[in-house]
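This report describes a molecular structure with two chains in contact. The sequence and model are shown first.

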Amino acid sequence: MTKGKAGLLQGTLDMLILKALALGPLHGYGIGQRIAQISGDELRVEEGSLYPGLYRLEHRGWIDSEWDVSENNQRAKFYKLTRSGRKQLIIEEKNWERLAGATMKALRAS
Amino acid sequence: MSRVKATVNFIHAWQHADEIADEVDAELCFHLQMRTSANIAEGMTPDEAQLAAWQSFGDFDRIKLSCCEIRRGLPFNMKPLRMGLYIAIACLAGGFALVAVNLPHHNLFGVLWQLAAIAVLMCSFLVGRRKQ
């Protein structure tokens, strides 16, 4: 995690990966870049922890992968969201909204 | 990924463990190359860029191992299978015990049968303990 950037809460990495892939197929490096981009450069995924996360999501059937040629003409493994992954993202987003709302309510309590 | 594809991947991962390790290696190396290129584009020297890429990535071998282990993981939930096994062994132990009680205890066959019943019962306890 880069100094000054927000740390990721436990369990949010999976949701962010799914969200990044909902915008289109990407390789692992690109997923990290896209998460930074869509969070306005506020969130930085620890590069090493990204890959076990990707393999875990693929194992659960939420994402799929295939080897292809990257933008710099190198072989790279590209990930894409599956139908069950898209459903899971909706569930995760709803859970997150509920959790964030409850946390804010608790913080505002006087 | 369908359940069938997950099962095929699981079998493939066990049959071709080296291939999977090479695949993970290639993927992680691609990441490091991309990070190195980005660092060079930001003004670092190639050596500095490579070093920074490795440092920001973390423990390469540990991450690679972790990815390989996930690939080799079972493609289904083990709990129902273990529960089924537990019930089957418990039924078997009950059957063995029922027959053992009704057998004469003064011959070798009867004693062996009782020992088998005890062994099956112990298996059921062991499976039950693992379940918890």
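The text below covers the contact between the chains, the division of chain B, and helix packing in chain A.

The model is predicted.

**Contact between chains A and B**

Chain B contributes 18 residues to the contact, and chain A contributes 18 residues. On the side of chain B that touches chain A, the elements giving two or more residues are helix H2 (17–41), helix H3 (46–57) and helix H4 (60–71) of chain B. H2(B) supplies the largest share of that side, six residues. The make-up of the side of chain B that touches chain A, by class, is as follows.

| Class | Residues on the side of chain B |
|---|---|
| Nonpolar | nine residues |
| Polar | five residues |
| Charged | four residues |

**Chain B: domains and Leu32(B)**

Chain B is divided into domain 1 (3–71) and domain 2 (78–131). Taken over C-alpha atoms, the centres of domain 1 of chain B and domain 2 of chain B are separated by 48 Å.

Leu32(B) is found in helix H2 of chain B. Is Leu32(B) buried, partly exposed or exposed? Leu32(B) has 17 C-beta neighbours inside 10 Å and therefore counts as partly exposed, since a buried residue needs 20 or more and an exposed one has 12 or fewer. Leaving aside neighbours within four places in sequence, Leu32(B) is in contact with Ala53(B), Trp54(B) and Phe57(B). Ala49(B) is 17 residues from Leu32(B) along the chain, and the C-alpha atoms of the two are separated by 9.8 Å.

**Chain A: packing of H2(A)**

Two packed helices are described by the angle between their axes and the distance between the axes. In chain A, the axes of helix H2 (residues 28–38) and helix H3 (residues 47–59) come within 10 Å and cross at roughly 115 degrees. H2(A) and H3(A) are therefore roughly perpendicular to each other. The crossing of H2(A) and H3(A) is right-handed. H2(A) takes part in this contact through Gly28(A), Ile31(A) and Gly32(A), and H3(A) through Glu47(A), Leu50(A), Tyr51(A) and Leu54(A). By class, the contact of H2(A) with H3(A) has four nonpolar, two polar and one charged residues.

The buried residues of H2(A) are Gly28(A), Tyr29(A), Gly30(A), Ile31(A), Gly32(A) and Ile35(A). The buried residues of H2(A) pack against helix H1 (12–22), strand S1 (26–27), H3 and strand S3 (75–81) of chain A, together with H2 of chain B. After H2(A) comes Gly40(A), which has a positive phi, near 65 degrees.

Technical notes: Residues numbered from 1 in each chain as written. Chains lettered and ligands numbered in written order. Predicted model: local features only at pLDDT ≥ 70, side-chain atom pairs only at ≥ 80, totals over all residues. Contact = placed C-beta atoms within 7 Å. Helix = DSSP H or I, 4+ residues; strand = E, 2+ residues; numbered from the N terminus. Nonpolar A, V, L, I, M, F, W, Y, C, P; charged D, E, K, R; others polar. Domains from an automatic or database assignment. Axes fitted to C-alpha atoms, helices over the stretch in contact; angles between N-to-C directions. Parallel < 35°, antiparallel > 145°, perpendicular 65-115°, else oblique. Left-handed = near helix turned anticlockwise from the far one by under 90°.
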